[in-house]
Structures are given as C-alpha cells and as structure tokens.
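Colleague: Before using these coordinates, I would like to go through them with you. Please show the entry and then take my questions in turn.

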Amino acid sequence: MALFIYGTATNTGKGFFTAEDRRNFHLRGFPGDVWVIGNNEKGAYWLAEKNGVEKTKAEAQAIVDAKVAEAQAAWDALPEEQKTDMNPRPTQITLP
Amino acid sequence: MAGYNELRGLRVKYLSADPANPEDGQVWYNSTTGNLRAQGIGVGAWSSGANMGTARYNMTGTGTQTAALGAGGYLPGLSPFAGAKNTEEYDGSSWTNGGNMNQGKHEAGCFAGSQTSAIIASGYAGTSNLSSSESYNGSSWTNTPSLNVARRATYQGMGSKAAAVCIGGTVSTAVSNVEEWNDSSWTSVTALPAVRRAGGSSGTQTAGIIFGGDIPPKTTTSFEYDGTAWTAGGALPTALSGMQGTNGPQGTQTAAGSFGGSNGTSPVASSFNYNGTSWSVIQSMTEARQVGGGAGSTTAAVVFGGAPGGSPARSNSTEEYNFGTTTYNPATWASGGNLSTARLQLMGFGIQTSSVAAGGNASPPDPNVVNSVEEYNGASWTSGTALPSARQTGNGFGIQTAGALVGAITIATTTEEYDGSTWTAGGTANDNFYKPGATGTQTAGLKFGGATPVTTQTEEYDGSTWTEGGLLNTAREQMGSAGTQTAGLAFGGSPYTGATEEYNGTAWTSSGSLNTSRAGLIGSGLQTAALAAAGGLPGVSSATELYDGTAWSTSTSMATARRLLASGNTSPSDASIVFGGLTTVSSNATEEFTGSSVSNNPASNLTVS
C-alpha cells in the first residue's frame, strides 16, 4: 500500500486541519494547494471532507513544479538589488 | 505483548482524580472518568488557524496565540521593494486589520511587546535601512525616538514596549550591535559576541535568548542575555535563519520556540523547543516557511505569513501549536434505546444514528416470525412501516432511507427495498440461499454465501438486477460482512471459522483470520477498517475485533453477549450499532460502539483534585 495520498485542497483557515488530524495522519502542504497525506482511513476522509481532489503523485508533482517555475520566473524578474541572500531564488521541491 | 509493568517496571496508578502535579511522561488511570491519561511528552501538534487578510513575508510578529500582532512585510505591488504599513491582529479565531504604521517596512524584527502595547524598530523601506521606531497602543502607531544604528534583517527583538532589546541585523553586512529601549530612548549596550542577523529570539530585556541566524553562513549557536552580558546557550539542532518564534510576553529564555526558517537551500517546517539548556524536536509545521510572524509560548504558539518557497511566494496561512495532556479514550460500547420488540435472526441496515431493524423471530424456541420494522434515531426506536410479510434470517444493506433486504429463509431470492416509509419489490436474486452476508448500498449491493447447503456464491445488485460475482474461497453462512460492492469483506460464519476474505469487485482473496472463530456475528465499516462483534462460539460471545485491512485485533467487548443479532452495517467501524439477537432468550438490547481516540488538552485544562 502506498505511504501517501496526494491531492489538492484549498486551505480555508481555522479548522482546515486540526491537531487531531496532525496526530492521526501525516500532512504536509506544498505550493499549488498540494497536500501530501498519510495513506490511512482518516487521511482519506480528511481529503474528501475538504472537497479535495485526489491526484497521482506525478500529477501533484507537476502542479508543484509549475508553481515553483512560476515563482522562479518572478524572482528572476526582480531587480538585482532585491536578489539578496535573505530573499533566495525558490528551489525545486520534490514530493515525498 | 508486554505490559506497561514489564516495560517500565511500574504499574499504572489507579487514581480517582488526576494528580496535582503530574510529571512529563507520567501515566495514570482516572477511575472517575474512565480515562487512561498521560502528562504529555511530544504530544504537541500544529493545527490550521484563520488565514491572514494579506499574504506577506519579511514580516514580524509578537503577542500570544490568542492575541497576536503581525506587522509590515513585503507585499506585491509595492515599489521599489518597499515594506507594508498595515498590521493585522489575531484573536485565536480570525484576523482583523490593526492600525497602519507611520513607516512602511519589512525585514524589521526589533519587535517586542503585546498586541496592545508594542514597539517596532529597524527595517528596510526599499531604498535604505531604517533607524525609525514606533510604538503601538492597540489601535494606532506613534513615532518614537530612533535607533542609533539604522539596520535591517534583524528579526531579533525581545522584551516589552517599556523595556525592549534590538539585536544585530544588517547594516551593509551583519552586525553585532545591540540597543536597549527604556520607553523613551534607545541606548547602545553590550554587543553580541559575534555578528548575526535573522535569528530567532525570546524573552525579556534581562533574561532573553537569540538563536540561529545568519552570520553568514547560517549558524546553530545561541546567546543568552541577562541585561548586561551575553553567554553561550544551547545550540539548535540545525543551522537556520528566518525562523518564526515565541516572540511576545510568553516566550522566555528558558522556554523558547523556533518554528520553520531556512536552511540556506529552502524553507523548512521543522520546529524546536528550548528548555534553557537544550533544544528538542517537536512536531513540524504542516507548511515550510521562513520570515513570517511568530508569537506565543512553547505550549501555545502561533505562526503566520512568511515565505513558503514556491508560488505564491508569500503566505497568508496561520498555524497554531498546542502542547498539553494526552488522554487516551479506549473504545467503548454504550447502551442505546431498546427495541420495542425483542427478536433474533432479524435483519438490519443503516448507521448508528439512523438504522432499521426488520423482521426476525420474537420468541424462540417457538417460531414467532414477525414483520414489524423499527427505526432508530440515535436515541430511541420507533415503529416503521411493516414488511409485506413476516421473515427472518436474511440480511440488509444500505441506509435508512435507501436500504434493502435479501436472503430471508423461504424467500431467499426476494429483494425488498425501503425508502424510509415504503417497502417495494426489488430484483430477484439468482441464488436461493438464506443467511448470506450482505453489504453495500441499495444501488450497489453485494451478497455472498448462505445456505442450504453452505455456498460460495456471490451476487452483485445494481438497484434492479442481481448478477453473479466471484466465488468465496470458503463456503459459509451467518458470517460477518462489511465494505462495499467493489471492496467487500466477509469474515467468520458457519461452519465455525475465523476466515476472512476480501472482495475487489471480481474475486475474493484470503486475509487475516478473526482471533475468535464464530458464526452469527455482525460487521460494519470498510474493507480497510471493519468491526466484528458478538456471535456464537457456539454459545454466545461479546467479543469485538477491529480489522485494519490486514489483521484483526481485539477491542473492548460488548456488554451483552449474543448471537444472531443485526447491525447498522453501513456504519463506520468506530461508530457502529448492534441490536437484538439471542442471549438465552430473544434480546431487545441495543449497543453503540465508539472507537478509541486520543485527545490532547492544554495542560492548563488539566483538572486536579
């Protein structure tokens, strides 16, 4: 059985994920409203309850890649004085 | 399995009330509440908070989890790379706009105090470092005397509006300069032992700590301040800068938090707490971020905004961390409302809060088959529409307003559908076997096995027609059933067996067996999370087992042992219901199952005697 479920869901704020959710299953958010969710019953219910859309890992990675590329393009367009080590260029993210 | 006594050399104390001063890791049983309780170690967790009104990074925060203040930062559309003036206030539930600062800024961070009494100094306004300083009274900002050294990228401030410290930062490179605020002016004081910017900070003007940050490179080191001198503190596990922390009145030198930050390559979600000596790993945030705002304490913190590393490059999300006492609530069976008519070999479907009991035998050993139907609302049973004729030993599937019965003795191929008020004839099954397993919905049902003789036959129902499915590996009747038409589960049954099989819509495959072989049991839940309860060994059983998709484990037993009962078999495994059955006589008892859970309560909520 796969370790993770991949999906997209919009973070609606308070109550979107609870401390109990965090104890019940792995949950990690990524650009593009992509969420990596522990593959158990409660994780699956969580994505469904949040009106999430399940994705394959490849689909989820493609969404993240597109968002990172978008951010990198925006960073590349910044004036040079803003490209400081405190404002580094967004880096590639590989989903677990 | 080894018990707590074997593992720890101690017995769990049996107490009538929670102890007054539990130590971290202490475990006890509260006989009054029936809970196994533990004083938390590593039981903190992050949850989502309300989203900020404006996504931003290079911002600063202070205050508490329920009274936080976020200020400034970098917003899109500001030019040239100017910082924001606007502030936002958090009450633990929502963000509202606060007063606008006089000077827009980002990369500030000499930010100290509370939501209603704060001071901010330093920062960057797009063209130059700032020495300006402003104070906040909960509604408006007032200019105050400036720092002696203009700087940016500090993120290192602590104390209160009346007694703050501004530490390090960038002039052209990172600096070690430190200034103290006495509510009227900034004064240069003892410098840091080493330059740094963008670290974390916590505490007061006379008992504070800064940790991590950028020299560059990024560092793990920390320095503690006593109002006069800086001394080395415990090193962070990882070199980081731009962390969110326990800024505000609750963060201290001996209880500081470091949440997220950047490792030099990308933002991270990892988080740590400091106890005055060393840092320990706590649960990671859900989202990696750096240079956002942080506030609160090591037991009740909040992090907001920041740069998550991808697009959008600025975040408006909030996460709250809470640490406290863990309560393990074991699985329980509780009594529900009694059936009006005690009966066995009845049929059931639905869920814990809306189920249906139909037919059955009211007075064994004499046959007294009934056609009465009862509906449950989570508290009590009321009469429903009677069946067209009396029947028993079939099985049900679906929900209270869209259910079905099939497999009753002498009319085993008959299907009857219920919409919550009326019974209508459904499709006729192909196989004439009674006492089958059944699961699924009214329009996607599944029945399998049955008698006589015991069979492996399976049929699938689409709401009108039954078609043959894959054969069970073990012929049986009176089995437990759970799941769906395409992910079904069969377990136990007669001849007495504990065999479990999983159906994938085409074929059955064997899985882990019940620990207690039995027939006349019930089931509910999913193929990956099922409940089995009661049944005959022969005799009657109260045994309960839970299935995780691979194996069965023993759970809390029912109050009343019985067999030939029914269940709301569409219920999830952790919220099931059983009713009726045979003890030594027909039973009218209902029991409701609640699965085990773990709850985390703020330590301050611990009730002591």
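Modeller: A residue counts as exposed if 12 or fewer other C-beta atoms lie within 10 Å of its own, and as buried if 20 or more do. Note that this is a predicted model.

Colleague: With that cut-off, which residues of α3(A) are exposed?

Modeller: The buried residues of this helix are A:Ala60, A:Val64, A:Lys67, A:Val68 and A:Ala71. They cover an arc of only 100° around the axis, which places them on the same side of α3(A). On the other side of α3(A), the exposed residues are A:Ala58, A:Ala73 and A:Asp76.

Colleague: Why does the end-to-end distance of helix α3 of chain A agree with the expected span?

Modeller: Helix α3 of chain A covers residues 57-76, which is 20 residues. At 1.5 Å a residue, the helix should span 28 Å, and this agrees because its end C-alpha atoms are apart by 28 Å.

Colleague: What covers the buried residues of α3(A)?

Modeller: Chain A has 3 helices and 4 strands, in the order β-α-β-β-α-β-α along the sequence. The cover over the buried residues of α3(A) includes β1 (4-8), β2 (27-30), β3 (34-38) and β4 (53-55) of chain A.

Colleague: What percentage of the residues in chain B are buried?

Modeller: For chain A, buried residues make up 33% of the 96 residues. Chain B has 1 helix and 53 strands. Of its 609 residues, the buried part is 57%.

Colleague: How much of the contacts in chain B with a separation of 6 or more comes from residues 24 or more positions apart?

Modeller: In chain A, residues 24 or more positions apart account for 67% of the contacts with a separation of 6 or more. In chain B, the corresponding share is 52%.

Colleague: Which element gives the largest share of the side of chain B that touches chain A?

Modeller: The contact takes 27 residues from chain A and 30 residues from chain B. On the chain B side, the elements that give two or more residues are β53 (597-602) and β4 (45-49) of chain B. The largest share, 5 residues, comes from β4(B).

Colleague: How many residues on that side of chain B are charged?

Modeller: The residues of the side of chain B that touches chain A include 16 polar and 12 nonpolar ones. The charged residues there number 2.

Colleague: Which residues have the most contacts inside the largest nonpolar core?

Modeller: The largest nonpolar core has 87 residues, and strand β26 (residues 300-304) of chain B gives the largest share of this core, 5 residues. Leaving aside neighbours within four places in sequence, B:Ile120 is in contact with residues including B:Ala71, B:Cys110 and B:Phe111. The residues with the most contacts inside the core are A:Ile37 and B:Ile120.

Colleague: How many residues are in the other core that lies apart from it?

Modeller: Among the members of that other core are B:Phe349, B:Tyr461, B:Leu521 and B:Leu546. Its number of residues is 65.

Colleague: Where in chain B does pLDDT stay under 50?

Modeller: The model scores ipTM 0.81 and pTM 0.59, and chain B averages a pLDDT of 90, with 92% of the residues at 70 or above. Among the elements of chain B, the mean is highest in strand β43 (residues 488-491), at 98, and lowest in helix α1 (residues 4-8), at 57. Where pLDDT is low, the predicted coordinates should not be read in detail. The stretch of chain B under 50 is residues 603-609.

How values were computed. Residues numbered from 1 in each chain as written. Chains lettered and ligands numbered in written order. Predicted model: local features only at pLDDT ≥ 70, side-chain atom pairs only at ≥ 80, totals over all residues. Contact = placed C-beta atoms within 7 Å. Nonpolar A, V, L, I, M, F, W, Y, C, P; charged D, E, K, R; others polar. pLDDT = per-residue confidence, 0-100. Expected span 1.5 Å × (residues − 1). Arc of directions from axis to C-beta. Core = buried A, V, L, I, M, F, W, Y, C linked by C-beta atoms within 7 Å.
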